[in-house]
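Could you walk me through how the helices and the sheet sit together here? An informal tour is fine.

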Amino acid sequence: MKRGARPLTKIDGEISFEDVSFEYPDDRNPVLSHINLRIRPGEKVALVGPSGGGKTTLCSLVPRFYDPTEGRILIDGQDIREVTLKSLRSTVGVVQQDVYLFSGTVFENIEYGRPGASMEEVVSAARMAGAHEFITGLKDGYNTYVGERGVKLSGGQKQRISIARVFLKNPPVLILDEATSALDNESEQLVSQSLERLSKGRTTVTIAHRLTTIQNADRILVLSDNSIAEEGNHEELLLKKGMYYQLYTSVSEAEKNT
């Protein structure tokens, strides 16, 4: 953190990438190259493209899990390297495929999103995440111990607890990193409904595994060869008959055959 860093203030949720490049220091291979991108407050943006195209890395730069090799990232005009990490990471909520639950109670795992929250606030967050019903069906309800890494819960249940955690945190910026890709169809539908409620009114960046889940995004970015190869909404990109069209049609055919 830079000396004299100040808290991030007046957050509407605009994210700007200015000539951002990134490479991991251990292999020096470029992952992102000269990315210029502005995401408007409240905009829903989806990232698609082949594995290794830099989708997760791009998202990881926003909460500063890594810093760009070149260029800078701003939230509402404020360089994220010049603000405190605490204020930055309280601004950004992340829901990942691999859910992190610790060996405590359901209540404690949700409260982790905003330490000190009341039971009423935790229950409200769980209701919004579609988790309250299954939680109250557990032996000890919100006082049920979930086991190491949530071993006593199903994948869909763990994911809805992680979403309740973000509801409680209530951040203006949301990153969804293939949040439903490891779930069965029924759990995916329930979690997708929760994520739709969570993203309402927030700047949301979604890394998509199943392209059918991001057709209603305001803007879709196709990442390839370390840069943004295409962008537009679903209909616009299909009409271009470029990379997105090829990805979408190949995935659709694969899903038909399963």
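Below we start with the sheet, then move to the two helices that lie on it.

Keep in mind that this is a predicted model. The sheet is an open one with six strands, and reading across it gives the order β6-β7-β8-β3-β9-β10, with mixed pairing. The edges belong to β6 (92-96) and β10 (227-232); each has a single partner strand, so one side of each is left without a neighbour in the sheet. Going from one strand to the next, the twist averages 20°.

For a look at one pairing, take β7 (residues 173-177) and β8 (residues 203-207), which run in the parallel sense and are joined over five bridges. If you want a specific pair to click on, L174 has T204 in β8 as its bridge partner.

Now for what packs on this sheet. Helix α6 touches β6 and β7, and its direction makes about 175° with that of β6. Helix α7 also packs on the sheet, where it touches β3 (44-48), β6, β7 and β8, and its direction makes about 155° with that of β7.

How do the two helices sit relative to each other? In general, a packed helix pair is described by the angle between the axes and the distance between them. For α6 (residues 155-169) and α7 (residues 185-199), the angle is about 5° and the axes are 10 Å apart. That angle makes α6 roughly parallel to α7, since anything under 35 degrees counts as such. On the α6 side, the contact is made by G156, Q159, R160, I163, V166 and F167, and these meet S187, L190, V191, S194, L195, R197 and L198 of α7. By type, the residues of this contact divide into seven nonpolar, four polar and two charged.

It's worth staying with α6 a bit longer. With 15 residues at 1.5 Å a residue, α6 should span 21 Å, and its end C-alpha atoms are 21 Å apart, which agrees. Is α6 enclosed or open? Twelve of its 15 residues are buried, so α6 is largely enclosed by the rest of the structure. Among the buried ones are G156, Q159, R160, I163, V166 and F167, residues that also appear in the contact with α7. Others that are buried include Q157, I161, S162 and A164. The cover over the buried residues of α6 includes β6, α3 (106-111), α4 (119-128), α5 (132-136), β7 and α7. Right after α6 comes N170, with a positive phi near 60°.

Conventions
Residues numbered from 1 in each chain as written. Predicted model: local features only at pLDDT ≥ 70, side-chain atom pairs only at ≥ 80, totals over all residues. Heavy atoms only, no water. Axes fitted to C-alpha atoms, helices over the stretch in contact; angles between N-to-C directions. Helix = DSSP H or I, 4+ residues; strand = E, 2+ residues; numbered from the N terminus. Parallel < 35°, antiparallel > 145°, perpendicular 65-115°, else oblique. Contact = heavy atoms within 4.5 Å. Nonpolar A, V, L, I, M, F, W, Y, C, P; charged D, E, K, R; others polar. Pairing = 2+ DSSP bridges. Expected span 1.5 Å × (residues − 1). Buried < 20%, exposed > 50% of the residue type's maximum accessible area, 1.4 Å probe, protein only.
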